[in-house]
Structure formats: structure tokens, C-alpha cells
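Q: I'd like to learn how to read a structure like this one, feature by feature. Could you walk me through it?

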Amino acid sequence: MLRVKGTAALAGLVRAVDGLQGPVRAVDGLQGSVRAVDGLQDPVPSRSSFLLPLPDSKARPEPRGWREAVGAALSALREGGLVAVPTDTVYGVACLAQDSSAVRSIYSLKGRNGMKPLAICIGDVEHIYRYCHVNVPDELLQDLLPGPVTLVLKRSEELNKDLNPFTSLVGVRIPNHPFIRELARACPGPLALTSANISSQASTLTVSEFQDLWPQLSLVIDGGPIGDVQSPECRLGSTVVDLSVSGKFTIIRPGCALTSTVEILRQKYGLIPESS
């Protein structure tokens, strides 16, 4: 496997591999010097590989390496692939939410219970209104997003009916991470997003922690370690809160931002908590 390293806006390295079930490519590192090293200890064999030259972002406000990384991910998604991405909490796996076949692939990848819903990921708050019926002030959305929070709202007819067909609700994520937000903005519709791990196993903070999934992925974006890999608190994932009932909120998963989220909902907006 060919590995490229540099000082990067994604804080990691660029990895390119060809997986066992199709082309697996990984792009990371948006600035700084680039050097290729021989990845002799990488566990996934590479039949072919590519790397993108990644210029120093100080030289240009929008370096070509960044655009090519987003372009590579977008291309993989449009082909129905699954892409591993860094977020503001843990590593995730994304596909196009409107692609029913890709959604089924995510469930297969994770060994996930088919009745456990997937969240959608978008790039900006204003896009929520297309896919959800919102009954809270826009200011509340702006206070919580982007950030490590998943808001559960009533879904609209715009959303793929094959995505979570067993519920009228959907979780919405806008991670506070520049790469995935830029990717979401470039996509023709929302991303379906879930953590990059087998269901019931711990969330992952580095790409090596989910290397068993690589052969089933079309692309792996390596943003380096997310948080302290020795800290269990860093693996909690986003705080999931149901806002589908007017005037009330329900904490579905405490996650990593429980205290600040509850403070905003109760003290600033006067919402009443319900037990999960």
C-alpha cells in the first residue's frame, strides 16, 4: 500500500488502497509537504493505488488537494459506494441516503439490525427544512448545529422512503468538521451516516481501528486520530435528542454533548424534558 503524509487540514495521511471487492481509495491531508513511504505493515493488500499531490494551503485559499479529495469521495458515493470519513466525534461511514442499494450496503457492512435507523448528514442548517418538518425555532438549530448533536425530527416526503421506512422520524447530523461538511454540500442529496464499526463494537477514532471494514469500502478518508484514543469519553458519539414533539425533548443517547445540549434546550428555549 502506498501512504502519503503531510501537515494537513485533516491532520493525517493520505492512504490509497485497492480492496478485495472493488477499488478502495483513501485521500487525506490537505496541505504541507508530501512524502511517500512504503507501508509494509499495512494489513490490506494493494493491487493498484494512486495518490494526489497536496499543495500547501497557505499558497492558495482552496488547495487543489482539498477539491480532489472531495471529488474522489463524491465520485465514489455517486457510484453507490461507501466512504469512511472523519467527523467531529468518531469516524463514520457514509453513502447517499437517496440510494436504496447503498443504504442496504451500510446495514450489511455493520451487521446492523434492520430496525435501527440511520441518521442523515447535511452541510448546512438551511437544508434541514427540505428533509424534515421542523417545529423548533431556527435559532435553536443554529445554536446546536454544526456540532456533536443529532436532532431527531419528523421526516418529509423528500427523503428516500427506503431509508428507515419503519419510522416517521429521522436523525439529522451536521458535524463540525470541514471535510464532511464540504462533501455533504457537494452531494446531490443528504448522506446516510453511521459510525465506522461493527454494530455493538466500540466507536473508532483512527482508521486502523476499523481496518476489517476496508475491503467493503470504496474510499477511506484518513483525518488522523479524533480525540484521545485512550479516553472512553471520546468514543461516546453525538448526543441524540428527539425534538419531534413541540415544546418537549427526549434524550435518546447521552453522547458527548449532553450537558451543553440540555442547557440550551431547557434554559434558553424552555423545552420540557421527557424520559427516554
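A: Happily; let's begin with contacts, meaning heavy atoms within 4.5 Å. Leaving aside its neighbours within four places in sequence, Arg173 is in contact with Thr87, Asp88, Thr89, Ile120, Cys121, Ile122, Gly147, Pro148, Val149, Thr150, Leu193 and Ser238. This is a predicted model in which local features need pLDDT of at least 70 and side-chain atom pairs count only at pLDDT 80 or more, while totals for chains, interfaces and linings use all residues. Residues are numbered from 1 along each chain as its sequence is written, and side-chain values use heavy atoms, with hydrogens and water left out.

Q: Where does Arg173 lie, and is Arg173 buried or exposed?

A: Arg173 lies in strand S9; strands (E, at least two residues) and helices (H or I, at least four) are DSSP runs numbered from the N terminus. Buried means under 20% relative accessible area, exposed over 50%, and partly exposed in between, with a 1.4 Å probe and protein chains only. Arg173 has 5% relative accessibility, so Arg173 counts as buried.

Q: Which side chain does the side chain of Arg173 meet in a polar contact?

A: A polar contact is a pair of N or O atoms within 3.5 Å; within protein, one must be able to donate a hydrogen and the other to accept it, and residues adjacent in sequence count only if both atoms are side-chain atoms. The partner here is the side chain of Thr89, at 3.3 Å. You can also compare sequence with space: Arg173 and Pro190 are 17 residues apart along the chain, with their C-alpha atoms 10.0 Å apart.

Q: Thr87 was in that list of contacts of Arg173. In which loop is Thr87 found, and what does its side chain reach?

A: Look between strand S4 (83-86) and strand S5 (91-96): Thr87 is in that loop. Its side chain reaches the backbone nitrogen of Thr89 at 3.1 Å, and a polar atom of the Thr87 side chain lies 2.6 Å from the backbone oxygen of Val90. Thr87 counts as buried because its relative accessibility is 4%. Beyond its neighbours within four places in sequence, the contacts of Thr87 include Gly92, Pro175, His177 and Ile226.

Q: How should I read a helix such as H2?

A: Check its ends and its buried residues. At the start of H2, a side-chain oxygen of Asp99 comes to within 3.1 Å of the backbone nitrogen of Ser101. Helix H2 covers residues 100-110, and Ser100, Ala102, Val103, Ile106, Tyr107, Leu109 and Lys110 are buried there. S5 and S10 are among what covers these buried residues. Just after H2, Gly111 has a positive phi of about 65°.

Q: Which residues other than glycine take a positive phi?

A: Two to look at are Asn164, with phi near 55°, and Ser200, with phi near 80°. Asn164 sits in the loop between S8 and S9, and it is buried, with a relative accessible area of 1%. Ser200, in the loop between S10 and strand S11 (219-220), is exposed, with a relative accessible area of 80%.

Q: Where is there a cis peptide bond?

A: The bond joining Leu145 and Pro146 is cis, with omega about -5°. Pro146 is in the loop between helix H4 (138-144) and S8.

Q: How much of the protein is buried, and how many helices and strands are there?

A: Of the 276 residues, 52% count as buried, and the protein has six helices and 14 strands. Among contacts between residues at least 6 apart in sequence, 63% join residues at least 24 apart.

Q: What is the average pLDDT?

A: pLDDT is the predictor's confidence in each residue, from 0 to 100. The protein averages 80, and 76% of the residues score at least 70. Over residues 1-61 the pLDDT is below 50, and this stretch has 159 contacts in the model beyond near neighbours in sequence. Where pLDDT is low, the predicted coordinates should not be read in detail.
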